[in-house]
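Here is a short report on one protein model. It covers strand pairing, nonpolar cores and unusual backbone angles.

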Amino acid sequence: MSIFLSSTLTASARVGTGAPATFVADTTIAAPFPLSVRQASANEIGGRIVGRATIVNVSNAAVRPTTGSLGLGRGTGSDATALLTFSVGTLPAHGSKTVRFRSSRTRSLGVGSGVYTPLICTDVYSQVQRFEAGTHCARGASLTIAADSRRQTGPSPDTRIATGLAKVTTNAAVVLRFGATIARSSFQCSLDGGPWVACRSPKRYAGLVDGAHTFRVRALSRTGVTDPSPARASWTVDRSLPSVNVTTPLNGSTVKTDKPTFSGAAGTAAGDASAVTVHVFAGPRTSGLPVQTLTAGVSAGQWSVASTRSVPNGTYTADVEQADRAGNRGVSAPRTFSVEVTQPANGHGTVSTDDESATTSTTSTTATTTTPTTSTATTTTSTTTTTQPPPPAGSDGFDRADGGLGSGWEAMSDGGLSIASDVVVGTAGATDGDLRVGEL
């Protein structure tokens with residue numbers, strides 16, 4: 001008969017006769033838990049709980065190692081006390097492991113006399129799935145235990161947890177230290193509402209699944225008095241990366257604007273940041289420093305942001321990043337695209353104009369004249385040429401009375417020229433000249 005841990009189980013047995021208590025499934029509860037208990041039996045024989053069970057991986061994927069327990073609880077709704085724990089190694093798809101157990105004598109188990117519910121649980125340390133009694137335990141009934149009837153005396157111990165924990169962590173392992181107000185107390189620990197298992201400080205849990213976890217610990221005095229208010233600590237393991245991606249621009253696409261818009265989807269799990277960061281890199285890879293870094297808010301799992309400044313034509317690659325409260329950072333797959341913007345026909349920023357202002361260039365002409373006294377004179381003529389409007393004429397025939405060159409001419413510092421019989425002459429043995437300034 002197959003017993004799934006996701007079922008509510010019932011059992012009946014006459015304790016002490018050697019007849020096994022056979023668990024029968026009542027399939028009123030179902031949960032997607034990959035382990036099941038099959039061929040399970042439990043009985044009290046010779047003052048001990050003796051039985052066996054086969055743990056089966058009913059899924060199509062391997063299941064990591066975990067820990068199981070055999071426990072007793074009063075009624076179906078109370079906490080169970082584990083009599084022993086057992087290891088379940090890695091189980092391949094549809095693999096199984098048979099566990100045989102034989103407890104210590106019931107008089108020394110720390111439980112009182114009475115009727116108990118036997119439980120065989122797997123994954124009591126939340127390594128495959130966060131522990132839930134309804135899906136992890138096969139529950140029985142009607143086992144009468146004749147336990148130690150010594151009277152519990154003395155004060156109740158007060159249990160204290162000495163370890164401070166971060167509310168959210170990426171660490172799947174935790175170490176907890178604790179103590180009690182009564183010396184030489186023993187302790188029992190429970191994780192995520194699982195059975196109470198004998199433990200010592202410090203208690204270490206490893207390989208915890210993502211999600212919220214609650215640890216409880218209670219002290220038991222040497223006279224058997226149990227702390228009625230166990231100490232507890234809670235935290236969340238979060239190793240999941242936010243799921244984020246870039247949907248536009250499309251990979252391999254070409255955009256016709258130098259300020260492209262980026263958009264995509266973002267994670268919406270508890271603790272995922274309400275904004276994402278977009279990195280834009282030059283070239284076909286996300287390497288080096290980004291040419292732009294943009295921030296976009298997340299709304300209903302979507303984000304969108306436009307470039308804040310222009311980028312030149314070329315190839316670019318973008319990705320997007322989102323953080324969460326535990327410090328995990330999800331980074332999308334890169335998207336490579338091209339920017340191709342058509343430039344004006346007259347070049348980058350060049351504009352034709354009908355402005356009437358003209359470009360002016362000045363040309364200086366120097367003339368050498370031989371005077372009747374064989375002295376050499378230099379005549380410098382300055383003309384101005386403009387492209388628009390047409391330049392004024394700049395010429396002189398010197399056909400006037402003898403003397404200085406007149407208005408429009410300015411003597412050089414070495415000496416000026418003069419007119420004699422319509423001929424320009426200078427001083428013998430000197431270099432003289434005039435500058436034409438009439439058109440300046």
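Strand β6 spans residues 48-57, and 8 of its 10 residues are buried. Buried means under 20% relative accessible area, exposed over 50%, and partly exposed in between, with a 1.4 Å probe and protein chains only. Strands (E, at least two residues) and helices (H or I, at least four) are DSSP runs numbered from the N terminus.

The model is predicted: local features need pLDDT of at least 70, side-chain atom pairs count only at pLDDT 80 or more, and totals for chains, interfaces and linings use all residues. Residues are numbered from 1 along each chain as its sequence is written, and side-chain values use heavy atoms, with hydrogens and water left out.

**Strand pairing**

Strand β6 pairs with β5 (residues 35-45) in the antiparallel sense, over 9 bridges. Two strands pair if DSSP finds at least two bridges between them. Glu44 stands opposite Ile49 of β6. The hairpin of β5 and β6 has 2 residues between the strands. In this hairpin, Gly46 takes a positive phi near 60 degrees.

Strand β6 also runs antiparallel to β9 (residues 96-105), joined to it by 8 bridges. Here Ala53 stands opposite Val99 in β9.

Elsewhere, 3 strands form an open antiparallel sheet in the order β32-β34-β35. Its edge strands are β32 (403-404) and β35 (423-425), each pairing on one side only. Strand β34 covers residues 418-420 and pairs with β32 over 2 bridges. Gly403 stands opposite Ile419 in β34.

**Nonpolar cores**

Which residues touch the most other members of the largest nonpolar core? They are Phe178, Cys189, Tyr205, Leu208, Phe215, Val217 and Trp235, in a core of 25 residues. The elements giving two or more residues to this core include β8 (80-88), β10 (114-121), β17 (186-191) and β20 (211-220). Strand β21 gives the largest share, 4 residues. A nonpolar core is a set of buried Ala, Val, Leu, Ile, Met, Phe, Trp, Tyr and Cys residues joined through side-chain atoms within 4.5 Å.

Take Tyr205. Leaving aside neighbours within four places in sequence, the contacts of Tyr205 include Tyr125, Val174, Leu176, Cys189 and Phe215. Contact means heavy atoms within 4.5 Å.

Apart from the largest core lies another, of 22 residues. Among them are Ile49, Ala53, Ile120 and Leu143.

**Backbone exceptions**

Two cis peptide bonds precede prolines, as tabulated here.

| Cis peptide bond | Omega | Place of the proline |
|---|---|---|
| Ser201 to Pro202 | about 0 degrees | loop between β18 and β19 (203-205) |
| Thr248 to Pro249 | near 0 degrees | loop between β21 and β22 (254-255) |

Positive phi also turns up outside glycine. Asp123 has a positive phi of about 55 degrees although it is not a glycine. Asp123 is in the loop between β10 and α1 (133-136). Is Asp123 buried or exposed? With 0% relative accessibility, Asp123 counts as buried.

Arg184 is another residue other than glycine with a positive phi, near 60 degrees. Arg184 lies in the loop between β16 (178-180) and β17. Arg184 is exposed, because its relative accessible area is 64%.
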